[in-house]
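Student: I have a structure open in front of me and no idea how to read it. Could you walk me through it, feature by feature?

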Amino acid sequence: MTRLLVLLILITLTLPGAAQKNSKNRKEKAYHLTGGVTEQNEKTRWAPVQDVNIRLYALPDTTFVGGTVTDKDGRYNLYAASPGNYLLKASFLGYETVEKKLNVAAYDTKKYIGYIEMKPASIVLNETVIKAELQKMKMSGDTLVYNTEAFKTSEGAVLQDLVRQLPGLELDQKTGKMSLNGKEISRILLNGKEFFADKNVALNNLPVEALKEVKVYEQQSDKERMTGVDDGKKQTVMDVKTKNNLTDGVMGDVSASKGSEDTYEAKLGVNKFTGKWRMSLNGDLGKMPLSMGYISNYPDNPVINKSINLSLGTEWKKLNLNGYIGYRDMKATNENRNETESYLPNGSQFAYNRGINISKNRNLLQSVNVQGALNDNTEINLRQSLMYNSGNTRSESSAATFNANPRNYSADPWENEAEIPHDARINKNISNLQNGMDNVTSNIGLLLTHKLNDIGRKLSFDLQNDYSNRTSDNYQQSSITYYQLTGLSGNDSVLHRNQYREAPSKNLSLAAEVSYTEPIGKQMLQVYYKYEYQRQSSDAATYDLNNDTPWGHLPPDYEAGKVDSLTDYTRNYFYTNEVGIRTTLNWKKVRINARFGLLPQKSTTKSDRGRIKVDTTVTVLNIVPELSFDYEAGKNKRIGMHYYGYTRQPSIYDLLPVADYTNPLNITAGNPGLKPAFMHTVSLFYTGGDFSKQESFYCNLGYNNTVNEISRKVIYDDKTGVRTSRPENINGNWGVRGHLSYTNKLFKKVFYQLRTNGNFNHRVAYVQVAGSENADDRNISKMLMLGQNIELSYKLDEHEFKLNGQIDYQQAGNSYVNSGNYETYDFYYGAECRLKLPLDLNFYTVIRSMNRRGYKDEASNTTQWLWNGELTYSFLKGKKGLLKLQVTDILQQRDFVNRWMNADGQGEMWTKGLGRYVMGTFTYRFNKL
């Protein structure tokens, strides 16, 4: 691999284009843009405007490229360094600002833009002072820009507090995922540059008071940015712009918190800027609930956390350099109970589970990113990361399965098990588990692009290396009682296990791609070839231990208890070639991207599972069609479509006709007759609105369908509760989804926001009860989900009031006669209030009524009121000191129960939570920017 890398770099640096003369200055190589500005009026047809401020921004991130002013004839000259999409902005006192999108093709070394007509502003202020209302958001090219000063947050708030208020943005408290109109935001940039390797570091530490704007846009992939051809790998990113240029100074804060229920925290955040250097250091030590201060019914048991993160960034010549290292140590204890009902052809299966687990995790992450120009013709993007993760989990659980609802016999089946009739019981599993894991992963990616001439002809090399080495060990003691089977003693059959399992695994992936880009008029054509090699190895072994062996320890002679049927020695090898074509077609308001690829793949598996040995090779051909269309329908209006198709081949394990008995209640096997699945996805979107009037509109519609979907056929034994499954091809799985969001001003200071979501899924599954007549009992399930959210906000100077509500409707049904159709409604309504009080006090409170209706179990149809409040006091010179008092769940009505229902069954999960608690925090802020 090293030799190949060196060879490709040498080829890149010695290409014919490198022999071109380098004596030309930069302006001669740049793209020269010219145009003029005139005034739009009825008296004169052509009136040039002098001294108009002309600025050029690169799209989609609106990075500033250059600027100038018009001369006495209204003309201007600008220079762009490379082809691409740009935004031209003309502004002058007394005139309305004009924006114009440009596409600079590779051959447009001299581009005439034409004249821009500027309209005089309709309102002229004469010795009148008006306190203008701040504009909350605007569209700048394809970028949505939020003005942070237009949103009210609590004193000492950080970025995640602001994100929760921005229209269209959603932050999932449970998963930590952030999205805009359904599109997940993958990275957070600082002033247009990569800086934070972990976006959670930015969300939890960047102070709102230091921020000026928050931008959200689709960022080109490294390859698209460097070659000019869309590769279908755009990412939605958030770009945080600070109030100052951050060239010299320091800002940060230090805080300490103490609360009830033995909660505490100490935090440090320092951001240092010196010349071209950027540094961010963040540390956290404490025992805190993850959902601190937010209205939620999610469990919030305190997590013991220790973390420290350091980010460094600088610029050297034409390169942008970033490095990151972070360490985190977490310990959490969770206690939960589950109740589920699974629909079957001949009735329902009921399962109860309760347990407690203690988990400890440590991880260390390091990363480096280098991107920019090596010289006038060659660009580089190098990404490297290394992560070490170690974890240990101990758990105790008790699970039981029934053929009738145990609540028909006992109000509390957990404590009164004896009240449930013997013939209603299927099995019971009592187990203790201890898992240990160590994992090292590394990734190196190198992308080099060399310009062969000045019209956009390029040659690119993309090299990737991924490696992981994982070791794991597992101790398990279990006792499974089968109530419907009789043992040798004449009593219920019982299976005892005391086992140790080790499962080391290694994965290696090497990939190299070469692509050639040729401009044809205004269009771009790219051909590429990619080769990828993957190696996967697994050496899992299981050992029976004596019952007198101490828990969590191995006797010296443990290897004598090796269980051959539960031993897995597997080696997988994949050899993939991909050849294809990509093209980008540009017209005035239309952009089309297309791709078609062929992927012949050869895979070899060598497996040894006990007495069964497998040595097989499979050769397949995958196809990858992709098409996207984007039309600019007017100012701030876009219509788009995207289609993607992909062939998914069965995995080696899906094809191996070998049963896996690792879990005696869930046995799996392969199917050598599987066919490949082909997935179709189509999406349409429209975005628009008049952002000068605070109006925004977005909607999308998507459809997906899978031909020969690889699903699992389940055979259920109603005597033992054992599920035996193997993969099968199924047709009839498709779905439709939709999303709409609308924001506008209702009255002068009253805004409203609407969000509508909906999806419908049609699914087919095989479920057969052992011994039934129908060998292929297909269950056709249909599920409809609709959601409507509305929010009204009223802002008066430094006070803000909100009313909000949401309803989620769900309808589920399947082809099983006994299950029927169900409709559920989950809805909430509530209010928020922020008040600026005398004596430098700020008050915030939120109250919400959470309601569930339509569930089969009447105990699940509940209403609970959640109420949080906080009071902050600013003091010391420059208001650098902040005291905060928070109270969560004042009414103490949270039940920490998550209920669900779908076409396959229903259930609920209770997790132990903290309940009502009080937290006091002192924060000292410093800012010398």
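Tutor: Sure! Start with pLDDT, which is the predictor's confidence in each residue, from 0 to 100. You need that score here because this is a predicted model. The chain averages a pLDDT of 83, and 91% of its residues reach 70 or more.

Student: Where does the pLDDT stay under 50?

Tutor: One such stretch is residues 1-29, for which the model has 40 contacts beyond four places in sequence. Residues 123-131 are also below 50, and that stretch has 2 contacts beyond near neighbours in sequence. Where pLDDT is low, the predicted coordinates should not be read in detail.

Student: Okay. How do I tell whether a residue is buried or exposed?

Tutor: Look at its relative accessible area: under 20% is buried, over 50% is exposed, and in between is partly exposed. Take Ile188, which sits in strand β12 (residues 183-190). Its relative accessible area is 1%, so Ile188 is buried.

Student: Which residues is Ile188 in contact with, leaving aside its neighbours within four places in sequence?

Tutor: They are Leu159, Met178, Phe196, Lys199, Ala202, Leu203, Met238 and Val240. For another distance to check on your screen, the C-alpha atoms of Ile188 and Leu321 are separated by 16 Å, with their positions 133 residues apart along the chain.

Student: What about the surface? Which residues make the nonpolar patch?

Tutor: Val514, Tyr516, Val527, Tyr529, Tyr531, Val579, Ile581, Phe596, Leu598 and Leu621 make a nonpolar surface patch of about 800 Å². Four strands give two or more residues to it: β26 (505-520), β27 (523-544), β28 (568-586) and β29 (590-609). Of these, β27 gives the most, with 3 residues.

Student: Val514 is in that list. How accessible is Val514?

Tutor: Val514 belongs to strand β26. Its relative accessibility is 31%, so Val514 counts as partly exposed.

Student: Next, salt bridges. How many are there?

Tutor: The count comes to 21 salt bridges. Try Glu513 and Arg582: their closest N and O atoms are 3.7 Å apart. This pair links distant parts of the chain, since Glu513 is in strand β26 and Arg582 is in strand β28, 69 residues apart. Both partners are buried.

Student: What does the bridge between Asp608 and Lys613 look like?

Tutor: There the closest N and O atoms are 2.7 Å apart. Asp608 has 24% relative accessibility, so it counts as partly exposed. Lys613, at 62%, counts as exposed.

Student: Which residues are joined into one network by salt bridges that share partners?

Tutor: Arg852, Asp895, Arg899 and Glu908 are. Inside that network, the side chains of Arg899 and Asp895 meet at 3.8 Å, N to O. Arg899 counts as buried because its relative accessibility is 11%.

Student: And aromatic rings? How do I describe two of them together?

Tutor: A pair of aromatic rings is described by the distance of the centres and the angle of the planes. In the whole structure, a search finds 16 aromatic pairs. Tyr644 and Tyr646 make a stacked one, 6.5 Å centre to centre with 5° between the planes. Tyr644 is partly exposed at 28%, and Tyr646 is partly exposed at 31%.

Student: Why is the pair of Tyr829 and Trp865 called edge-to-face?

Tutor: Planes over 60 degrees apart count as edge-to-face. The planes of Tyr829 and Trp865 are at 85°, with ring centres 5.8 Å apart, so the pair is edge-to-face. Tyr829 is in strand β42 (residues 821-837) and Trp865 is in strand β44 (residues 863-875), 36 residues apart. Tyr829 is partly exposed at 41%, and so is Trp865 at 30%. Elsewhere, ring pairs link Tyr475, Tyr500, Tyr543 and Tyr558 into a cluster.

Student: Last one: what should I look for in backbone angles?

Tutor: Try spotting a positive phi in a residue other than glycine. Glu261 has a phi near 60°, and it is found in the loop between β16 (248-259) and β17 (263-274). Phe896 has a positive phi of about 55° and lies in the loop between β45 (881-888) and β46 (897-902).

Student: Are those two buried or exposed?

Tutor: Glu261 is partly exposed, with a relative accessible area of 46%. Phe896 is buried, with 7%.

Definitions and conventions: Residues are numbered from 1 along each chain as its sequence is written. This is a predicted model: local features need pLDDT of at least 70, side-chain atom pairs count only at pLDDT 80 or more; totals for chains, interfaces and linings use all residues. Side-chain values use heavy atoms; hydrogens and water are left out. Contact means heavy atoms within 4.5 Å. Patches are made of residues with over 30% relative accessible area and no salt bridge: like charges are joined within 9 Å, nonpolar side chains (Val, Leu, Ile, Met, Phe, Trp, Tyr) within 5 Å. Accessible areas come from the Shrake-Rupley method with a 1.4 Å probe; for residues, only the protein chains shown count as cover. A salt bridge is a side-chain nitrogen of Lys or Arg within 4 Å of a carboxyl oxygen of Asp or Glu. Buried means under 20% relative accessible area, exposed over 50%, partly exposed in between (1.4 Å probe, protein chains only). Rings of Phe, Tyr and Trp (its six-membered ring) pair if their centres lie within 6.5 Å; planes under 30 degrees apart count as stacked, over 60 as edge-to-face and the rest as tilted.
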